[in-house]
Amino acid sequence: MKICLLLILVGFDLLAGGWRERDYSADLARRLGGDVELAVRGDTGAVEGFCDVVTDSLAVEVEFASKWKEAPSQALLYARCLGKTPAIGLIWEPHEDSRYLRRLLAVLKDVRPSVVVILIEKRKR
């Protein structure tokens with residue numbers, strides 16, 4: 001079975017300090033030319049949640065690596081509601097968080113539609 005995952009390594013030039021998920025989301029949106037925290041409405045018109053980053057083609061859920069389990073369902077829901085490709089922006093430290101990336105990729109390997117995974121390197125304090 002073919003795995004269709006796109007891995008994009010994104011290097012960030014952020015100020016040192018305690019960056020929050022929303023800070024990484026805002027920077028990613030700027031780099032991708034997208035919007036931040038877009039309200040997503042479902043079939044009934046009710047707000048289903050807020051997509052972290054939305055571009056012309058992607059609905060991106062941004063999560064720290066240790067919270068990876070929350071990202072797939074949100075990315076798939078937001079992408080479905082918005083008619084976009086689902087994507088996950090995983091904030092990680094390559095030397096510390098590789099186990100989370102492996103688990104995420106294992107879960108996504110059979111998911112259709114394919115999910116784009118964007119690796120966002122965590123800033124050092």
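A contact joins two residues whose heavy atoms lie within 4.5 Å. The legends below describe a predicted model.

**Figure 1. Overview of the predicted protein and its contacts.** The protein has three helices and six strands. Read from the N terminus, these elements follow the order β-α-β-β-β-α-β-α-β. Among contacts between residues at least 6 apart in sequence, 65% join residues at least 24 apart. Of the 125 residues in the protein, 42% are buried. The accessible surface amounts to about 7100 Å², and carbon and sulfur atoms account for 52% of this surface.

**Figure 2. Close-up of strand β4, residues 58-64.** A residue counts as buried when its relative accessible area is under 20%. Six of the seven residues in β4 are buried, and the strand is therefore largely enclosed by the rest of the structure.

**Figure 3. Close-up of the pairing between strands β3 and β4.** Strand β3 comprises residues 47-54 and pairs with β4 in the antiparallel sense, over two bridges. Valine 53 has valine 60 of β4 as its bridge partner. The connection from β3 to β4 is a hairpin of three residues.

**Figure 4. Close-up of the pairing between strands β4 and β5.** Strand β5 spans residues 85-92 and runs parallel to β4, to which it is joined by seven bridges. Between these two strands, the chain passes through helix α2, residues 71-82, in a β-α-β crossover that is right-handed. Within the strand pair, leucine 58 stands opposite threonine 85 of β5.

Terms used:
Residues are numbered from 1 along each chain as its sequence is written. This is a predicted model: local features need pLDDT of at least 70, side-chain atom pairs count only at pLDDT 80 or more; totals for chains, interfaces and linings use all residues. Side-chain values use heavy atoms; hydrogens and water are left out. Buried means under 20% relative accessible area, exposed over 50%, partly exposed in between (1.4 Å probe, protein chains only). Helices (H or I, at least four residues) and strands (E, at least two) are DSSP runs, numbered from the N terminus. Two strands pair if DSSP finds at least two bridges between them. A crossover is right-handed if, with the strands pointing away from the viewer, the path from the first strand over the helix to the second runs clockwise. Accessible areas come from the Shrake-Rupley method with a 1.4 Å probe; for residues, only the protein chains shown count as cover.
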